[in-house]
Amino acid sequence: MLQKLRDKTSGWIVTVILGLLMIPFLFVIDSSYLGGVGAQNVARVSAPPSWWSSAPSWWPARLFWKHNEITSQEFRERFEQERARVRQQQGDDFDPRAFESVENKLAVLDQLVDEQVVRLAGEQAGVVIGDVAVREYIATIPAFLGADGKFNGDQYRIALASGNPPRTPAMFEQLVRTSLQQSIIPSALQNSGFVTEAETERLLKLLGETRDVEIAMLPEQPADTAPVTDAQIKQWYDTHTKDFRQAESVKLEYVEINGATLPPPAAPDEASLRKRYNDEKARFATPEQRLTSHILISTAEGAEAKAAKLATEAKAAGADFAALAKANSDDTGSKEQGGDLGWVDRGAMVKPFEDAVFAAKAGDIIGPVKTDFGYHVIQVREVRGGEGKPFEEVRDQLLAEQIKADRERGYTELAGRVVDATNKSPSDLASAAKTVGLPLQTVGPFTRQDASGIATNPAVLRAAFSDVLVQDGTASDPIALDESGNHSVVIRVAEHTPEQAIPLDKAREQVTAAIRADRTRQAAEKAADALLAKLKGGQTLQGLAESEKLQVSPMPGLPRTQPVPTPEINRAVFSAALPAEGKPSYGKIDVQGRAVVFAVTKVTPGDLKDVTAEQRQQLKQQLSQLDGMAAADAFIKSTRKRFLVQTTEANL
């Protein structure tokens, strides 16, 4: 039977049939087998082998290429790191929903791709990071250094285990090895940057350059009142769609919980105040202290007997306790001071020592007292503290504290009732408000830019536009409105309008205003061009000031590095061509809808004598760093063009 089956399944016909059956199967194979991005990955970077750098990227030659995948987990970890960085940078202004934009995700993915490109380039170049280099680098990381400034193995392992995510030393060493391999070529290129002395001097002259300039503001153009046709409105609207969009908006209903507006609690009676005083009497007493000296006999054979003998000697009339301590104590820290330990507080010493000290009176010598350090002979020289303030002296303080505590308790109870009521019916805040007897209030609709009332609070604004509240329509948890701890609000998104285009019929007035503003701008630009034509024809700004109704302002010695009279005008003036001999250089700029024309009459390069050697060296270093960074960036971009980068944005 088996032989017959083998005979029937051999031959070219069966081969063709099996080939046809394989075709559908290919469509369910992970695309990574065929050169695409893996199903669970976000990108794939492929590089030709070092022994065939010109290998084509088409199949089957691509089988020889080296491929590095970027997993979804790697992307998510890096994205969360970037989120934490931006949140720390922006503080209360951080918008978690806006951060989840496609642009931010692609920027993080682009960074990961560049890292893989550099890593593959290093492998192609034969870059190998040895174990010694990895260990030396790890030994310089501050988190792994002990108190003596040296690498601490125990601290290293603890730090790795408590990290997020936790790692073993082997995992961390591999991470360091990969990072060093990725950074070695860009770092070398960055350090290779240089700038010549001539280039430095040229830039110093440019930075110190000043220009004599005349600035003339043309008269304000009259508002455009010419008719705007329907066709013009339609054309402008169609070509400026981004200008006529309605921002996302929400309307909130909310319940405010304010401890300051709650009815004042009943004043506590005298008995409750006295009970509070008795319960907390220690709080109103000064700490008890003992001025103490001791003689320590370390644990050894005969230590207890020696300590007992010293205690007897110290108690004898006329005995000098300090001299006995200097001659016999094993405590090197206090021996030379005659055993003086200073004023001792409760909790500062080991328990047997403390119990003995605070059971003694001033002038007592006690011991031997056994501790883990040995046997102690103790002298209590003075006693102070422990006196409490009478009830009458602290009554007002207790009364204020009790009233505050009662207010906080009332707020906490009310907030708890609000939470319980909203949990029963999360989408019906009105019912919860009625249950607890608080008014249901509303605010909005408002956008992120024009919030009012409680919505101006950053925490409330973030919650109002969060996906959870917008999509679910449920009430939030209490949101603190200040740092008092007794003022919060529970909100619910009652209405939500997503960002959308404003229909033409509603945007008609805005479109008309935009067309007329553009006409006014064009008229101002035309007037500036006409004035420039006269200036280039040989006339001067001063000569045309009266006839053209110009406001001419001479500004001799205008510096390049200062944004005067405005940053825009300064950039335009220093972007203008150098004046020819005896002929000014002219230019124009629009400043808040007003046309400005300027004439550059003189250019004075910076004087190198005004630059110190330290400033020159500092600039040279900065330019070298910029040159090195540009070289590293150019290397990554050129290498990326040689490699094959495939991404799957759907997996981001």
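**Loops, strands and two cis prolines**

Q592 is exposed, with a relative accessible area of 80%, comfortably past the 50% cut-off for that label. In this predicted model, Q592 sits in the loop that links β15 (585-591) to β16 (594-604). The backbone is a bit unusual here too: phi of Q592 is near 50°, a positive value in a residue that isn't glycine. Most residues other than glycine have a negative phi.

K549 tells a similar story. Its phi is near 55°, again positive and again not in a glycine, and K549 falls in the loop between α20 (541-548) and β14 (551-559). K549 counts as exposed as well, because its relative accessible area is 64% and the label asks for over 50%.

The strands that flank these loops turn up again in an open sheet. Four strands make up this sheet, in the order β14-β3-β16-β15, with antiparallel pairing. β14 and β15 are the edge strands, each pairing on one side only. Going from one strand to the next, the twist averages 25°. Helix α19 (residues 504-536) packs on the sheet, where it touches β15 and β16, and its direction makes about 165° with that of β15. As for β14, it is joined to strand β3 (residues 210-217) by 7 bridges, with the two running antiparallel. Within that pair, A216 stands opposite V552 of β14.

Elsewhere, strand β1 (residues 41-47) is a rather different case from the loops above as regards burial: 7 of its 7 residues are buried, so β1 is largely enclosed by the rest of the structure. Being buried here takes a relative accessible area under 20%. What does β1 pair with? One partner is strand β2 (residues 66-71), met in the antiparallel sense over 6 bridges, with N41 standing opposite T71 of β2. Another is strand β17 (residues 644-647), also antiparallel, over 4 bridges; there, A43 has T647 as its bridge partner. In a regular strand, side chains alternate between the two faces of the sheet.

Two peptide bonds also deserve a mention. G367 and P368 are joined by a cis peptide bond, with omega about 0°, and P368 is found in strand β8 (residues 365-371). The bond from G444 to P445 is cis too, with omega near 5°; P445 lies in strand β10 (residues 441-447). For context, most peptide bonds are trans.

Terms used:
Residues numbered from 1 in each chain as written. Predicted model: local features only at pLDDT ≥ 70, side-chain atom pairs only at ≥ 80, totals over all residues. Heavy atoms only, no water. Buried < 20%, exposed > 50% of the residue type's maximum accessible area, 1.4 Å probe, protein only. Pairing = 2+ DSSP bridges. Axes fitted to C-alpha atoms, helices over the stretch in contact; angles between N-to-C directions. Contact = heavy atoms within 4.5 Å.
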